[in-house]
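Biologist: Could you walk me through this model? I'd like to begin with how the parts of one chain sit relative to each other.

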Amino acid sequence: MAGKVNKMVEKADLFKNGKRIDGRTPMDLRPLKITAGVLDRAQGSCLVEWGRNKVIAAVYGPHEVLPKHLADPTKAIINARYVMAPFSGQEEHGRSGPNRRSIEISKVAKHVFENAVLVEQFPKTMIDVHMEVLQSDGGTRVAGITAGAVALADAGIPLRDMPVGLSAGKIGETLVLDLDKYEDNLGDSDMPFVILPRTGEILLSQMDGMLSREDISQAFDMIFEGAKKVRDKQIEALKTSYERMAAQVTTQGETNQ
Amino acid sequence: MKELVFPGDKVADTPQRIPGCYVEDGQTFASNVALRSDDHIVQLKGYYVPKTGDDIIGIVEEERFSGYNLALNSPYGSSLSARDTRDELKLGDAVYCKILAVNEVKEAVLIEPQKLPTGSMLAIDSVKVPRVIGRNGSMLDTLSKFTGSHITIGKNGIVHVEGGNTSLALKAVEKICRESHTSGLTERITQMLENESRANGGQGEQNG
């Protein structure tokens, strides 16, 4: 039977001769591709392909709050929904939601977007941010939030800055950026982060495993450095979506003439 | 020189009130994707928030004992008192009104209603309205000339088209919205209207 063979990975394989299991150095990110405006029906949308992760995000609103008693007369409320598709995972990782894990991630994502969106501009409304993980390989919450940020900007929702998600962690004695599933499961620690690059504000900080105070300080520096590359990709995605539209217009114009 | 700015980009060192921007620490930053040219910034997407004095088109969505609730192509609703209107309105009617006041939760109180005749309607992004109208109404004049339609636009982005070649007029408005951030738009729209009118045997111009 033709099929993919899942490699059996052990902890000792994760970091050898200064290289990680997929050949990256500690500071390297997985290949990242962001595409904005992938859905016609949504007000804003984005597809993030980050290593083997594939996450699609869609934004609807601001609209009337339902149920009405949840409405806040001073600001908009964010309804964030992170969920994994039933076919998204490898092995046990990625059961379809809603489950304990997706409820938790939806909650932390909601707090991230509440602090990035200028919610006070739209009192008594609700903004929906849906993040659907189509394929998972570790680091899906940061990929989801990165996608959600681009979808919000694509929808024309006012933002203070675009939130950027990235994870850092530790394998043996080495701190690394952007962990994949094996590094996440078999490594010593995993720390997903979301920041606002302009002000350096931290909107999400979670940790699994143990890190010393010095390690955390170094991981901060690595994340702030790596986040610049992610932000560049977010900007490029938005720019490309408008340029693509302009290019189509020019081509059509030439054809018509 | 035109360039795109993105949320978080600094646009001025001084605090300035610009649509699609916000002020923090005495500086102005972009909050939306916008197009910056030498002297101004134009948002590429946005939402209509009612403002006192705006002329808008509302669509009757609810009839009450004392008046009507109108949908404004906005997250916020509005109300029109029955005392302010002589016409009896029905659900789905389009009404051209002025915003008298906006309360603290941004709901609008409307006055001076004028019921619009039956026609076709299109809801566009309110930030595209100036582009559809054009400088001194030039784009609107072009549209009316080629389609022979009577076109009314509310500041909230509802476009009402009556008479003439309505489908061509709506098609042109959609094209303007889709391509508003590109240069040479007026020429392309004129070209499109000319071609389509010629294909229809100049129907629009005759009616006009």
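Modeller: This is a predicted model, and in it the centres of domain 2 of chain B and domain 3 of chain B, taken over C-alpha atoms, are separated by 26 Å.

Biologist: And how many residues does each of those two domains give to the contact?

Modeller: Domain 2 of chain B contributes eight residues and domain 3 of chain B contributes nine residues.

Biologist: Which elements are on the domain 2 side of that?

Modeller: On the side of domain 2 of chain B that touches domain 3 of chain B, the elements giving two or more residues are strand E7 (55-63) and strand E10 (94-102) of chain B, and E7(B) gives the most, with three residues. By residue class, that side of domain 2 of chain B divides into five nonpolar, two polar and one charged.

Biologist: Where do the domains of chain B start and end?

Modeller: The domain assignment of chain B places domain 1 at 3-43, domain 2 at 55-115 and domain 3 at 120-207.

Biologist: Let's switch to strand E9 of chain B; which of its side chains are buried?

Modeller: Along E9(B), residues 77-81, the side chains alternate, with Ser78(B) and Leu80(B) pointing to one face and buried, whereas Gly77(B), Ser79(B) and Ser81(B) point to the other face and are not buried. In a regular strand, side chains alternate in this way between the two faces of the sheet.

Biologist: What does E9(B) pair with, and is it parallel or antiparallel to strand E8 of chain B?

Modeller: E9(B) runs antiparallel to strand E8 (residues 67-71) of chain B, and five bridges join the two; within this pair, Asn69(B) stands opposite Ser79(B). E9(B) is also joined by three bridges to strand E11 (residues 108-115) of chain B, and these two run parallel, with Ser78(B) standing opposite Ala108(B) in E11(B).

Biologist: How many residues lie between the strands in the hairpin of E8(B) and E9(B)?

Modeller: Five residues lie between the strands of that hairpin, and Asn73(B) takes a positive phi near 60 degrees there.

Biologist: Now the two chains: how many residues does each give to the contact?

Modeller: Chain A gives 26 residues and chain B gives 20 residues. On the chain A side, strand E5 (53-64), helix H2 (140-155) and helix H4 (213-256) of chain A are the elements that give two or more residues, and H4(A) provides the largest share, eight residues.

Biologist: What kinds of residues make up the chain A side?

Modeller: The side of chain A that touches chain B divides into 15 nonpolar, five polar and six charged residues.

Conventions:
Residues are numbered from 1 along each chain as its sequence is written. Chains are lettered from A and ligands numbered from 1 in the order in which they are written. This is a predicted model: local features need pLDDT of at least 70, side-chain atom pairs count only at pLDDT 80 or more; totals for chains, interfaces and linings use all residues. Two residues are in contact if their C-beta atoms, placed from the backbone, lie within 7 Å. Helices (H or I, at least four residues) and strands (E, at least two) are DSSP runs, numbered from the N terminus. Ala, Val, Leu, Ile, Met, Phe, Trp, Tyr, Cys and Pro count as nonpolar, Asp, Glu, Lys and Arg as charged, and the others, Gly among them, as polar. A residue is buried if 20 or more other C-beta atoms lie within 10 Å of its own, exposed if 12 or fewer, and partly exposed in between; C-beta atoms are placed from the backbone. Two strands pair if DSSP finds at least two bridges between them. Domain bounds come from an automatic or database domain assignment.
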